[in-house]
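Student: I am new to this structure and would like a close look at one part of it, the open sheet and what lies around it. Could you take me through that part slowly?

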Amino acid sequence: MIRKFRPSSRLIESVGFLEEIYKNPPQPVESKEGLQYTSERHLNGIIGNPLDVCEVSMLDHITFPKKNQSELYRSVSLDYPKCSIILSGNFFYPENGYMSWHTNKDAPGLRLYLSYTEYEDSSFFIYKDGVNVVKDPDYVGWTAREFLIDKDNLLWHSVFAYKPRISAGVRIINNLL
Ligand SMILES: [Fe+2]
């Protein structure tokens, strides 16, 4: 369902500029309210209503300079030939930052997310897998996760970060055959 791996050095190079940005994280969130919004209990309360995007989040958006955007597209394209690549979301989570449960059901297709943290066991991609909720820690350094957004098989997911975390995501559309 979710393929988690350490990205290649080529892929890392294409988003390497974010490591510089990481040195100046947004202001920490004072409360741990995000733990509630990303909890299994909260999910159980909203699961009957498939939200496309999150109800609430505490994070900053990162703007990709054009040059870095094309570098990322070029690099991802080498791994996914004959696909179009579109930037889907770039976020900077502060300490205690989060993104609440959602499905992205209105934008189906393959996603590749690259996340970066310098702290061990400090930030989590949380998702529902069958009856279980999996709290999947990021690696120290870069983590890649590839997953399919499918209207008929919803992937509920959320993010919580005890320590700063950057993520950059692309949609991969298989339309150039
Ligand atoms: Fe999402």
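Tutor: In this predicted model, Arg 111 has a bridge partner in β11, namely Arg 171. The two strands β6 and β11 pair in the antiparallel sense, and seven bridges join them. They belong to an open sheet of six strands, whose order is β1-β9-β6-β11-β4-β3 and whose pairing is antiparallel. At the edges stand β1 (2–5) and β3 (60–61), and because each has a single partner strand, one side of each is left without a neighbour in the sheet. Helix α5, which covers residues 66–79, packs on the sheet and touches β4, β6 and β11, while its direction makes about 120° with that of β4.

The sheet also leads to the nonpolar core. The largest such core has 29 residues, and those with the most contacts inside it are Leu 59, Tyr 93, Tyr 98, Leu 114, Val 159 and Ala 161. Among the elements that give two or more residues to this core are β4 (84–93), β6 (109–117) and β11 (165–173). Leu 59, leaving aside residues up to four places away in sequence, touches Phe 91, Phe 92, Tyr 93, Gly 97 and Met 99. In soluble globular proteins, nonpolar side chains tend to be buried together.

For a contrast in setting, turn to the loop between β9 (141–149) and β10, where Asp 152 lies. Asp 152 is exposed, because 6 other C-beta atoms lie within 10 Å, and exposed here stands for 12 or fewer. Its C-alpha atom is separated by 24 Å from that of Val 56, with the two residues 96 residues apart along the chain.

Technical notes. Residues are numbered from 1 along each chain as its sequence is written. This is a predicted model: local features need pLDDT of at least 70, side-chain atom pairs count only at pLDDT 80 or more; totals for chains, interfaces and linings use all residues. A nonpolar core is a set of buried Ala, Val, Leu, Ile, Met, Phe, Trp, Tyr and Cys residues joined through C-beta atoms within 7 Å. A residue is buried if 20 or more other C-beta atoms lie within 10 Å of its own, exposed if 12 or fewer, and partly exposed in between; C-beta atoms are placed from the backbone. Helices (H or I, at least four residues) and strands (E, at least two) are DSSP runs, numbered from the N terminus. Two residues are in contact if their C-beta atoms, placed from the backbone, lie within 7 Å. Two strands pair if DSSP finds at least two bridges between them. Axes are lines fitted to C-alpha atoms, for helices over the stretch in contact, and angles run from 0 to 180 degrees between N-to-C directions.
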